[in-house]
Amino acid sequence: MAIDVRHITKSFANYTALKDVSLRVDDGELVALLGPSGSGKTTLLRIIAGLEAHDPNEQSSVHVDGSGPRVGFVFQHYALFRHMTVFENVAFGLRVRPRSLRPSDKEIRRRVDELLDLIQLSRWAGRYPSQLSGGQRQRVALARALAIEPSVLLLDEPFGALDARVRQELRRWLRTLQERIKVTTVLVTHDQEEALEVADRVVIMNEGRIEQAGTPDEVFHNPASEFVVTFLGNVNLFHGRVESVDAKQARVFVRPHELDIERQQLNEFYIPAKITRIQSAGPVVRVDLVDEQNQEIAVDLTHDRHRYLALKPRETVFVKVREARVFVPNYEI
Amino acid sequence: MRRTLISVSAAFVGTLILLPVIAVFTEAFRKGIGLYLASITDPLALAALRLTLLTAAVTLAFNLVFGLAASWLIAKFSFPGRNLLLSLIDLPFAVSPVISGLVFVLLFGAQGWFGNRGVQIVFATPGVILATIFVTFPFIARELIPLMQEQGTEEEEAAVLLGANGWQIFRRVTLPNIRWALLYGVVLANARAMGEFGAVSVVSGHIRGRTNTLPLHVEILYNEYNFAAAFAVASLLALLAVVTLIAKAIIERKIVKHGD
């Protein structure tokens, strides 16, 4: 166990950021803390790092493996030392060690060069942070955190300030790097795609609580709550009644790719709807429709299916539900 | 439009700043270089110069420490009374220097609250220094607080997590980030310290050779109708001001270049 957080509550002057949160992270695991802003994910990360103190409580405890300053932290806005070169930024953690633990200048040079090589910025060693692009700064921040050979690596929205392409590239790069050096990693993000792609395990947070923790597969296919369904990607909401459960009000969630479109209404469950927009630039074709109650429905079709149906805007067609998730208040099926 | 603006500002700068400076130097040399040298090497003038430099040095040393500490505290921490401290730092800018001088006389004078405690403060060097510190202490803090607030605390947090101790963080992260702004504040405070008249005038007592700073010495000479000598000594102050201005210009260029 690399990180073991138990029953943590954190209150600020006028709100509670974390409510009795427990989290365990195994050695070498990459865990993503996913949630909207204000869900407490960054606060939890800062508590693990020791930058913030949790409310004192007998059951509360935070345990992080390793002795001394062995937490590598990467800030959302990099927090590079602006008056130091790339080389000096990376060397900082080694240079500030007490004399007895400090490597020789030659050793520091060797290790920093190695890290600069790893982040592919050897040529930029003499540059200042202001002379680098966002993606390069982020890599320097990562190298600086890795220089102290941390037992855990904590990343706070590491790709949040970068544009989409660089973000994808860095995400993949981080994944390979993490597999290579096997350092326990916790990553905070509000981007569900990022979390599902990068992490071994995803922890979904909402309003200071953990809603669900599991592999990307588990949380995506077996969401534990309405919040998790709605947060993990687009979803259509239908209101209905569940016959078997005392005729309670039920809410039905269906993802766009779990819907299909037909030209004929083969049974009563097909929903008649009018096409408002077809967006076919992308891996799937997104069709937006409105049903007779003026409710919006989004459907994802494969390009093949779309070609076969030959849909046109303002046509009336029938939406078929292939799979669905039902949530009844205080009752789950 | 641009031409109008340029000529208006040129006219203002010319009449309000350039002309007086020229006048100071012309008047100083009117009776010849001999009298000029005699005036500025006069023992009383030299004593005033010494006191001015001593006052400026002590004031700067104090303000450097206080300014840094206060800015650090205000910019990087939040605590009860923070806004009160911020307003108190501005107080010397709001109060007339003569009034602040009077307050020191009230506190430390012979009949004052803390008077007659063995050490003479008012009408002696400590009073001059105290009054100067009081009127100059906002300069450095005012220069640093906005900058430090803008820079935030993330770099310091990063340094902590990389294992740096408090002193290392200050020396290697905080100080280099504010060095030019700090120097700029020092230059401004220095200019004010050397030129301060009002507050010092009240607490000094004008004892020639003992508690006279350069500005006070100029006033005395002027009141004695010793114009040539007054302007000669004033030209010394003007020279100090020019040196300060050049230092300021150099630092400003550095600030633009380094963005801090």
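Here are a few notes on this predicted model, covering the domains of chain B, the contact between the chains, and one helix of chain A.

1. Start with how chain B is divided up. The domain assignment splits chain B into domain 1, residues 1–30, and domain 2, residues 32–258. Taken over C-alpha atoms, the centres of domain 1 and domain 2 of chain B are 27 Å apart.

2. Those two domains of chain B do touch: 7 residues of domain 1 are in contact with 9 residues of domain 2. On the domain 1 side of that contact, you'll find 5 nonpolar and 2 charged residues, with no polar ones.

3. Now for the contact between chains. Chain B puts 13 residues in contact with 17 residues of chain A. Two helices of chain B, H8 (154–161) and H9 (166–195), each supply at least two residues of the chain B side. H8(B) gives the most, with 5 residues. By class, the chain B side comes out as 6 nonpolar, 4 polar and 3 charged residues.

4. Over in chain A, have a look at helix H2, residues 86–95. Of its 10 residues, 8 are buried, so H2 of chain A is largely enclosed by the rest of the structure. The buried ones are A:Val86, A:Phe87, A:Asn89, A:Val90, A:Ala91, A:Phe92, A:Gly93 and A:Leu94.

5. And what covers those buried residues of H2(A)? The cover includes two helices of chain A, H3 (105–118) and H4 (134–146).

Key
Residues numbered from 1 in each chain as written. Chains lettered and ligands numbered in written order. Predicted model: local features only at pLDDT ≥ 70, side-chain atom pairs only at ≥ 80, totals over all residues. Domains from an automatic or database assignment. Nonpolar A, V, L, I, M, F, W, Y, C, P; charged D, E, K, R; others polar. Helix = DSSP H or I, 4+ residues; strand = E, 2+ residues; numbered from the N terminus. Buried ≥ 20, exposed ≤ 12 C-beta atoms within 10 Å, placed from the backbone.
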